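Me: Please take a close look at one helix in this model and what lies around it. I would like a single connected account, with the cut-offs behind each term.

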Amino acid sequence: MNTLIKSLVGLGLGAALTLTAGTAMAEGSGCGTFTNAEGVEEHLACSTAPIDFTNKGSLQNGAKIFMNYCAGCHSAKYVRHSRIAQDLEIPPELVEKYLMVTTDQIGDHITAEIDPEIQASWFGAAPPDLSLETRLRGDDWVYTYLLSFYEDPSRPWGANNLVLANAAMPHVLHNMQEELSQEEFESEVGDLVNFMAWMGEPARHDRQVIGFFVILFLLVLLIPVYLLNKEFWKDVK
Ligand code: HEC
C-alpha cells in the first residue's frame with residue numbers, strides 16, 4: 001500500500017474519532033446532580049431534544065411560545081424578527097401582529113420587555129440573552145432544564161430546578177404544564193427548544209446537508225485517486 005491511501009484513511013479515522021469523542025464528552029457532562037428523597041445523590045441524564053429544522057410547524061410554534069413566555073424577561077439580541085418571518089416561512093403581517101411583543105419595527109432584534117438589569121434586582125440574577133443559549137449549554141441541556149422545574153416552597157417563587165439547582169428563574173411554563181398531559185407538554189417544550197436551536201445557528205440544517213455532500217464527494221473522489229496512484233507507481237516498484 002502507499003502513503004497517500006494510508007494518510008487519507010488516517011485522516012478519516014482521526015476525524016471520526018474526534019467527532020465521537022466530542023459527542024461522548026457533551027453527553028458525559030450530563031444535566032447535573034440532585035439529592036433524592038432518600039438523601040442519595042443521583043445523576044440526572046439529559047433528555048434528547050427533538051431538533052428538526054425541516055419541521056416548520058414546530059419552529060413556528062416554538063417562536064410563538066418563545067415570544068409569549070420568554071421574551072418578557074430574556075432578550076435574543078442576535079435575532080431579527082424579519083429573519084424569523086423569512087426562515088420560518090411566516091408572513092411578515094402575522095409576525096408583526098403576533099410575534100413582535102417588544103418592538104414595532106420588523107427589522108429589530110428581539111429585546112427583553114423588561115430591562116434585564118432591573119430584573120437582576122428582583123430575581124438575584126439577570127436573565128441571560130438566549131440567542132446562543134443552545135450553543136452554550138447544548139440543545140439537550142436546555143430541553144431537560146425546561147422540563148425539570150418542580151415545586152419547592154422554600155424558594156422565593158415556589159419553584160426549583162433539578163438541572164440548575166436554586167435557579168433564579170420562576171417556573172414560567174407552570175400553567176402550560178398543568179393544562180397539558182406530560183406528553184403534550186414535552187412536545188411544546190420540544191418545539192420551543194427547536195426554535196432556540198434555530199436561533200443559535202439558523203444555517204445548521206444547510207450546513208449538515210452540504211457537509212454530507214462534501215464527504216460523499218470526497219469518498220467518490222477517492223476511487224479515481226486510488227486508481228491513478230496505482231497507475232503512477234506500477235512501473236516504479
Ligand atoms: C420572569 C422572568 C423570566 C421568564 C419569563 C423566563 N426566564 Fe429564563 N431565566 C430568568 C432568570 C432570572 C434566569 C437566571 C437564572 C439563574 O441564573 O439562576 C433565567 C435563566 C434561564 C436559563 C438558564 C441560563 C443559563 O445558562 O444558566 C434558560 C435556558 C432560560 N432561562 C430559558 C427560558 C425560557 C426558554 C423561557 C420561556 C419559556 C424563560 N427562560 C422565561 C428569568 C426568566
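Reply: The cover over the buried residues of H7 (139-147) includes H6 (133-137), strand S6 (159-161) and H9 (182-200). Here helices are DSSP runs of H or I with at least four residues, strands are runs of E with at least two, and both are numbered from the N terminus. This is a predicted model, in which local features need pLDDT of at least 70 and side-chain atom pairs count only at pLDDT 80 or more, while totals for chains, interfaces and linings use all residues. Residues are numbered from 1 along each chain as its sequence is written.

H7 is mostly covered, with 9 of its 9 residues buried; a residue is buried if 20 or more other C-beta atoms, placed from the backbone, lie within 10 Å of its own, exposed if 12 or fewer do, and partly exposed in between. The buried residues include the acidic pair Asp 139 and Asp 140 as well as Trp 141, Val 142, Tyr 143, Thr 144, Tyr 145, Leu 146 and Leu 147. For the chain as a whole, 23% of the 237 residues count as buried.

One link between H7 and its surroundings runs through Met 196, which touches Val 142 together with Phe 66, Leu 130, Glu 133 and Thr 134, leaving aside residues up to four places away in sequence; contact requires that two C-beta atoms, placed from the backbone, lie within 7 Å. Leu 146 and Met 196 also belong, with Ala 63, Phe 66, Val 193 and Phe 195, to the residues that touch the most other members of the largest nonpolar core, which has 36 residues. Such a core is a set of buried Ala, Val, Leu, Ile, Met, Phe, Trp, Tyr and Cys residues joined through C-beta atoms within 7 Å. The elements giving two or more residues to this core are H2, S3 (76-80), H3 (81-87), H4 (92-99), H7 and H9, and H9 gives the most, with 8 residues. In soluble globular proteins, nonpolar side chains tend to be buried together.

H7 also takes part in the surroundings of the ligand. The shell around the ligand holds 23 residues, of which Cys 70, Cys 73, Pro 127, Ala 168 and Met 169 are the closest; a residue counts as near if its C-beta atom, placed from the backbone, lies within 6 Å. H2, H6 and H7 each give two or more residues to this shell, and H7 gives the most, with 3 residues. By class, the shell has 19 nonpolar, 2 polar and 2 charged residues, where Ala, Val, Leu, Ile, Met, Phe, Trp, Tyr, Cys and Pro count as nonpolar, Asp, Glu, Lys and Arg as charged, and the others, Gly among them, as polar.

H9, which helps to cover H7, also packs against H2 (56-70): their axes come within 7 Å and cross at roughly 90°. Axes are lines fitted to C-alpha atoms, for helices over the stretch in contact, with angles from 0 to 180 degrees between N-to-C directions. H2 and H9 are therefore roughly perpendicular, given that angles under 35 degrees count as roughly parallel, over 145 as roughly antiparallel, 65 to 115 as roughly perpendicular and the rest as oblique. Residues of H2 in this contact include Ala 63 and Phe 66, and those of H9 include Phe 195 and Met 196. By class, the contact of H2 with H9 has 8 nonpolar, 4 polar and 2 charged residues.
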